[in-house]
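Dear colleague,

Here is the structure I promised to hand over to you, with my notes on what was found in it set out underneath. Please read the notes with the structure open beside them.

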Amino acid sequence: MATFRLALIQLHVSSIKSDNVTRACRFVQEAAKQGAKIISLPECFNSPYGTKYFPEYAEKIPGESTHKLSEVAKECSIYLIGGSIPEEDSGKLYNTCAVFGPDGALLVKHRKIHLFDIDVPGKITFQESKTLSPGDSFSTFDTPYCRVGLGICYDMRFAELAQIYAQRGCQLLVYPGAFNLTTGPAHWELLQRGRAVDNQVYVATASPARDDKASYVAWGHSTIVNPWGEVLAKAGTEEMILYSDIDLNKLAEVRQQIPILRQKRSDLYAVEMKKP
């Protein structure tokens with residue numbers, strides 16, 4: 001299966017968790033009707049994004065929100081990348097992405113590895129580490145189409161993570177993310193195209209829709225980039241489903257024409273996993 005349809009759901013996230021989850025599931029159903037085989041929700045799809053919200057909206061996995069995701073993945077017989085939700089486990093909070101297969105089974109759980117702690121004077125200061133703990137594992141899952149690697153938002157800035165996923169055979173990297181009005185216009189597309197070209201993979205980012213009244217305003221512009229660095233599809237700021245057909249023959253063609261993965265100088269340098 002060299003070609004499959006990918007869908008990214010750019011969801012408008014409200015303060016009502018049950019409404020967010022219900023609407024997310026409706027969008028998943030719609031995307032599946034349009035032929036999508038792998039579908040991703042955005043970062044923090046069931047909760048407003050912010051350190052003051054994480055403790056209030058956090059839940060176990062499996063739990064209320066992920067149970068609904070499991071059901072809709074099975075109903076639609078698709079692979080569902082559950083964006084992310086605030087997860088509570090053993091007294092700690094994580095920013096976590098749960099992935100479900102066509103049978104509804106939980107395939108992998110990615111806890112955001114790199115926490116969003118930044119300070120751009122006069123523009124934005126944010127510290128996820130005030131309430132969240134970092135994950136410490138790599139997260140991939142297999143489909144009949146390709147192997148997929150996962151990151152969440154700030155994880156995309158770390159090239160080493162993408163390189164390790166490429167080393168592990170991933171051909172698609174998916175980053176549910178919520179960049180903001182400072183970092184979004186500067187780096188959102190640039191980072192995706194960089195990760196795609198460096199590793200000769202497809203890269204997809206699923207953002208929440210923009211809500212100018214929110215305490216944290218997401219950039220939007222969910223995007224899908226091919227291994228040549230071309231933007232295949234890009235959303236605006238409104239709520240919508242973004243589609244693209246992923247052609248793995250194109251990936252093979254790019255790797256054959258510019259065979260950087262075979263030309264790396266492992267005698268001079270290496271990016272290595274410290275944990276499996």
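The sulfur of Cys 76 lies 8.7 Å from the closest cysteine sulfur, that of Cys 25, and is therefore too far away for a bond, given that a disulfide is a pair of cysteine sulfur atoms within 2.5 Å. Cys 153 is likewise in no disulfide, with the sulfur of Cys 44 as its nearest cysteine sulfur at 9.6 Å, and by this rule the count comes to zero disulfides. Cys 76 counts as buried because its relative accessibility is 19%, where buried means under 20% relative accessible area, exposed means over 50%, and partly exposed is in between (1.4 Å probe, protein chains only). Cys 153, with 4% relative accessibility, counts as buried too.

Before going further, please keep in mind that this is a predicted model, in which local features need pLDDT of at least 70 and side-chain atom pairs count only at pLDDT 80 or more, while totals for chains, interfaces and linings use all residues. Residues are numbered from 1 along each chain as its sequence is written, and side-chain values use heavy atoms, with hydrogens and water left out.

Now to the chain as a whole. The protein chain has seven helices and 15 strands, which are DSSP runs numbered from the N terminus (helices are H or I with at least four residues, strands are E with at least two). Along its principal axes, the C-alpha trace spans about 50 × 45 × 35 Å. For 276 residues, a compact globule would have a radius of gyration near 19 Å, and the 17 Å of the protein chain agrees with this; the radius is taken over C-alpha atoms, and the globule rule is 2.2 Å times the number of residues to the power 0.38. Of the 276 residues, 55% count as buried. Among the contacts with a separation of 6 or more, 69% are between residues 24 or more positions apart, contact here meaning heavy atoms within 4.5 Å.

Next come some individual residues, beginning with helix α5 (residues 183-199), where Thr 183 is found. Thr 183 counts as buried because its relative accessibility is 9%, and, leaving aside neighbours within four places in sequence, Thr 183 is in contact with Ile 118, Arg 157 and Trp 188. Glu 189 also has its place in helix α5, but Glu 189 is partly exposed, with a relative accessible area of 23%. Not counting residues up to four places away in sequence, Glu 189 touches Val 231 and Lys 234, and its C-alpha is 7.6 Å from that of Thr 223, although the two residues are 34 apart in sequence.

Thr 66 lies in helix α3 (residues 64-76) and is buried, at 3% relative accessibility. Beyond its neighbours within four places in sequence, the contacts of Thr 66 include Ile 61, Ile 85 and Phe 100. A cis peptide bond, with omega of about 0°, joins Ile 61 and Pro 62, and Pro 62 is found in the loop between α2 (54-57) and α3.

Which backbone angles deserve a second look? Most residues other than glycine have a negative phi, and most peptide bonds are trans. Cys 44, which is not a glycine, nevertheless has a positive phi of about 50°; Cys 44 sits in the loop between β2 (36-40) and α2 and is buried, with a relative accessible area of 2%. His 221, also not a glycine, has a positive phi of about 60°, lies in the loop between β12 (202-206) and β13 (223-225), and is buried with a relative accessible area of 15%.

Finally, Phe 116 is placed in the loop between β6 (106-111) and β7 (117-120) and counts as buried at 6% relative accessibility. The C-alpha atoms of Phe 116 and Phe 126 are separated by 6.9 Å, with these positions ten residues apart along the chain counted as their separation. Leaving aside neighbours within four places in sequence, Phe 116 is in contact with several residues, among them Tyr 49, Phe 126, Tyr 154 and Tyr 216.

With best wishes
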